[in-house]
Amino acid sequence: MERDGEGAPAAASSSSSQTTRPSRSVDPLLVTCRFFSVITALAAILCIVSNVISAIRSFKNQSDIFDGIFRCYAVVIAFFVVLAETEWEFIFKNWKVLEYWAGRGMLQIFVAVMTRAFSVYSVEQRELILLQDAASYLLLACGAVYVVSGILCIGFLKRACEKKETAKDRVVKDLQELERQKQELEQLLISESV
């Protein structure tokens with residue numbers, strides 16, 4: 001057993017090679033919320049597609065200009081639903097109501113009703129009507145889930161879990177940086193002792 005300066009760096013370098021990395025646990029609430037957010041964004045995109053097709057048909061046939069303008073508004077508002085589902089910081093900063101799930105759900109229900117409104121039932125537009133029905137009912141269901149989840153404060157829980165995950169990531173990065181600095185100092189100590 002050596003107690004002089006030569007034995008200490010070797011012991012320190014062997015302990016640094018045995019560092020354990022913290023295991024990455026995935027929060028099931030965040031995974032579920034992200035999955036549901038993707039489903040909602042896809043439903044909103046489906047509403048955009050059906051409203052664009054309906055607006056083009058309205059303007060092309062000049063049958064009902066009001067319906068075409070109405071569909072254009074539905075497209076713009078559905079685009080905001082998609083942006084809200086990305087949880088882009090700019091959107092939440094300017095439209096605080098979209099940060100809360102009940103407000104986001106009401107907007108989704110509004111877009112679903114706009115998509116479903118003024119449907120012209122005819123044999124040649126059967127596919128368009130089916131697309132509008134599917135898109136509107138899917139977004140209506142997503143909006144209802146958001147409203148109920150907002151009432152139950154699930155959004156608050158999600159934000160708390162996200163803050164916790166962000167803090168964990170920051171701690172892991174700091175720990176890795178400290179480990180890297182430790183290894184550099186050990187190498188410097190070894191090179192000075194030689």
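This passage goes through the fold, the surface and one annotated segment of a predicted model.

Starting with the overall layout, the protein chain holds seven helices and zero strands. Read from the N terminus, its elements simply go α-α-α-α-α-α-α. As for how the chain meets itself, take contacts between residues at least 6 apart in sequence: 75% of these join residues at least 24 apart. Of the 194 residues in the protein chain, 31% come out as buried. On the outside, the chain exposes about 12800 Å², and 67% of that area is supplied by carbon and sulfur atoms.

Part of the surface is a nonpolar patch built from V38, L42, I45, V49 and I53. Together these residues offer about 390 Å² of accessible area. One of them, I45, sits in helix α2, which covers residues 28-61. The relative accessibility of I45 is 39%, so this residue counts as partly exposed, given that the partly exposed class lies between the 20% limit for buried and the 50% limit for exposed.

Further along the chain there is a segment with a database label. An unreviewed UniProt entry lists residues 161-188 as "coiled-coil region". In the predicted model, that stretch is 100% helix and 0% strand. The C-alpha atoms at the two ends of residues 161-188 are 40 Å apart. The label itself comes from the UniProt record, whereas the helix content and the end-to-end distance are computed from the model.

Conventions:
Residues are numbered from 1 along each chain as its sequence is written. This is a predicted model: local features need pLDDT of at least 70, side-chain atom pairs count only at pLDDT 80 or more; totals for chains, interfaces and linings use all residues. Side-chain values use heavy atoms; hydrogens and water are left out. Patches are made of residues with over 30% relative accessible area and no salt bridge: like charges are joined within 9 Å, nonpolar side chains (Val, Leu, Ile, Met, Phe, Trp, Tyr) within 5 Å. Accessible areas come from the Shrake-Rupley method with a 1.4 Å probe; for residues, only the protein chains shown count as cover. A salt bridge is a side-chain nitrogen of Lys or Arg within 4 Å of a carboxyl oxygen of Asp or Glu. Helices (H or I, at least four residues) and strands (E, at least two) are DSSP runs, numbered from the N terminus. Buried means under 20% relative accessible area, exposed over 50%, partly exposed in between (1.4 Å probe, protein chains only). UniProt positions are given in the numbering used here, feature names are shortened, and annotations may be inferred rather than shown by experiment. Contact means heavy atoms within 4.5 Å.
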